[in-house]
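Reader: I would like to learn how to read a model of this kind, beginning with its charged pairs and then moving on to its surface, its interior and its overall fold. Could you take me through it feature by feature?

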Amino acid sequence: MTDGAATQPGQDAPDGAPDGTPCGPIRRRVLAWRARARPPLAWIGRITRHQVRFALVLIGAGWGVLRESLRPNSWRRTVRYEFRLSLRQVVAGGFLSTVFTATLAGLTVVSQAAYWLGFAGMAQMTGSILVSLLVREIAPVLVGIILLGRSGMLSLTEIGLLTLGGQVRAMQAQGIDPFLVLVMPRTFAFTVGGFTLGIIFAVISLLMGFIVTHATGVMNMSVWTFFSDVVTAMSAWDFLVIPLKFILVGFFVGLGSCMTGLLVSQDDTVATLMPRGFARGIVLVMIVNILFSLEF
């Protein structure tokens with residue numbers, strides 16, 4: 001008697017399995033198919049983990065920002081200074097871009113909607129159409145793009161260069177939490193800036209659209225009547241959803257930009273970092289807008 005299975009006449013000699021035990025032909029075929037399937041499955045796993053990783057990090061970081069902001073010790077003088085500096089850059093830096101974009105939106109969307117609704121004899125629906133189309137759907141997307149291009153890329157570059165240069169690691173060695181000093185105040189600055197620029201965008205776009213339509217004779221009502229019709233056309237949900245869209249767009253644009261810069265690797269450069277951050281920011285803006293559109 002020998003250890004293991006004996007070889008029968010006319011049967012191939014058993015080959016060893018990976019664990020050293022002998023195996024037959026069926027077992028050998030299974031092991032061969034497993035060896036062939038392992039590289040593509042590993043590639044799919046790496047891609048899936050890489051894509052899901054940032055979403056999970058973003059969820060955890062968002063919860064961390066909200067939790068740490070409720071602690072009075074988190075808002076130290078350096079954090080408050082960073083918040084004021086970032087808020088000034090977000091609002092003041094994006095103000096002219098918001099005004100210019102809102103003017104173009106008012107000249108195109110508002111004037112064209114008022115003209116064609118008046119031409120079709122449906123001028124009474126102007127307020128509801130403008131609320132649904134411009135204020136609730138177009139404005140959050142355009143404000144998010146302005147925040148991302150004007151301020152988000154700046155924060156992404158600054159934090160990314162600090163991470164690549166080793167300054168973030170030096171802050172950790174000194175007992176300073178980069179999340180509290182860099183991510184939390186900038187995220188809240190983007191949140192406040194998103195709400196502020198969103199309201200400015202909505203008011204200016206509606207005002208410019210009224211000026212054009214009133215000057216061309218399409219509308220004969222006063223500006224107060226025009227804004228009263230727009231506000232009357234808003235439902236109770238609109239008063240909640242529209243500001244919430246502006247707030248969440250600013251929150252996720254700021255958080256996504258900061259976390260993308262904080263999670264860079266040594267192989268990254270500015271040329272690879274900025275396209276990645278811009279693509280992630282656009283996806284976040286669209287996700288927020290689509291989720292609220294489906295829900296409400």
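Reader: How many salt bridges does a search of the whole structure find?

Author: This is a predicted model, and a search of the whole of it finds eight salt bridges. A useful habit is to take such pairs one at a time, noting the distance, the place of each partner in the chain and the burial of each.

Reader: Which residue does Asp 238 meet in a salt bridge, and where in the chain do the two partners lie?

Author: The side chain of Asp 238 meets that of Arg 136, at 2.7 Å from N to O. The pair links distant parts of the chain, since Asp 238 belongs to helix α7 (residues 236-262) and Arg 136 to helix α3 (residues 126-165), with their positions 102 residues apart. Both Asp 238 and Arg 136 are buried.

Reader: Which salt bridge joins Arg 186 to another helix, and are its partners buried or partly exposed?

Author: Arg 186 and Glu 158 meet through their side chains at 2.9 Å, N to O. This pair too links distant parts of the chain, with Arg 186 in helix α5 (residues 178-215) and Glu 158 in helix α3, 28 residues apart. Arg 186 counts as buried because its relative accessibility is 7%, under the 20% cut-off, whereas Glu 158, at 34%, counts as partly exposed. As for shared partners, salt bridges join Arg 136, Glu 137, Asp 238 and Lys 245 into one network.

Reader: What does the pair of Glu 68 and Arg 67 look like?

Author: Their side chains meet in a salt bridge with an N to O distance of 3.6 Å. Glu 68 counts as buried, at 11% relative accessibility, while Arg 67 is partly exposed, with a relative accessible area of 40%.

Reader: Turning to the surface, which residues form a nonpolar patch there?

Author: For a patch, one asks which residues make it up and how much area they offer together. Here Leu 41, Trp 43, Ile 44 and Ile 47 form one, with about 430 Å² of accessible area together. Trp 43 has its place in helix α1 (residues 25-69), and this residue counts as exposed because its relative accessible area is 51%, over the 50% cut-off.

Reader: And in the interior, which residues of the largest nonpolar core touch the most other members?

Author: Of the 36 residues in that core, they are Leu 134, Phe 201, Leu 206, Phe 226 and Val 253. Helices α2 (77-119), α3, α5, α6 (223-233), α7 and α8 (270-295) each supply at least two residues, and α3 gives the most, with 11. Leaving aside residues up to four places away in sequence, the neighbours that Phe 201 touches include Thr 98, Ala 102, Leu 134 and Val 143. A second, separate core has 23 residues, among them Leu 182, Ala 189, Phe 251 and Leu 284.

Reader: How do the elements of the protein run from the N terminus on, and which residues does the annotation "transmembrane region" cover?

Author: The order is β-β-α-α-α-α-α-α-α-α, that is, two strands and eight helices. The unreviewed UniProt entry places the annotation "transmembrane region" on several segments, including residues 87-107 and 223-240. In the model, residues 87-107 are 100% helix, with end C-alpha atoms 29 Å apart, while residues 223-240 are 89% helix, with end C-alpha atoms 24 Å apart.

Reader: What do the totals for the protein say about its burial and its surface?

Author: Of its 296 residues, 38% count as buried, and the accessible surface comes to about 16,800 Å², 67% of which belongs to carbon and sulfur atoms.

Technical notes. Residues numbered from 1 in each chain as written. Predicted model: local features only at pLDDT ≥ 70, side-chain atom pairs only at ≥ 80, totals over all residues. Heavy atoms only, no water. UniProt positions renumbered as here; feature names shortened; annotations may be inferred. Helix = DSSP H or I, 4+ residues; strand = E, 2+ residues; numbered from the N terminus. Buried < 20%, exposed > 50% of the residue type's maximum accessible area, 1.4 Å probe, protein only. Areas by Shrake-Rupley, 256 points an atom, 1.4 Å probe, with all protein chains shown as cover. Salt bridge = Lys/Arg side-chain N within 4 Å of Asp/Glu carboxyl O. Patch = residues over 30% accessible without salt bridge, like charges linked within 9 Å, V, L, I, M, F, W, Y side chains within 5 Å. Core = buried A, V, L, I, M, F, W, Y, C linked by side-chain atoms within 4.5 Å. Contact = heavy atoms within 4.5 Å.
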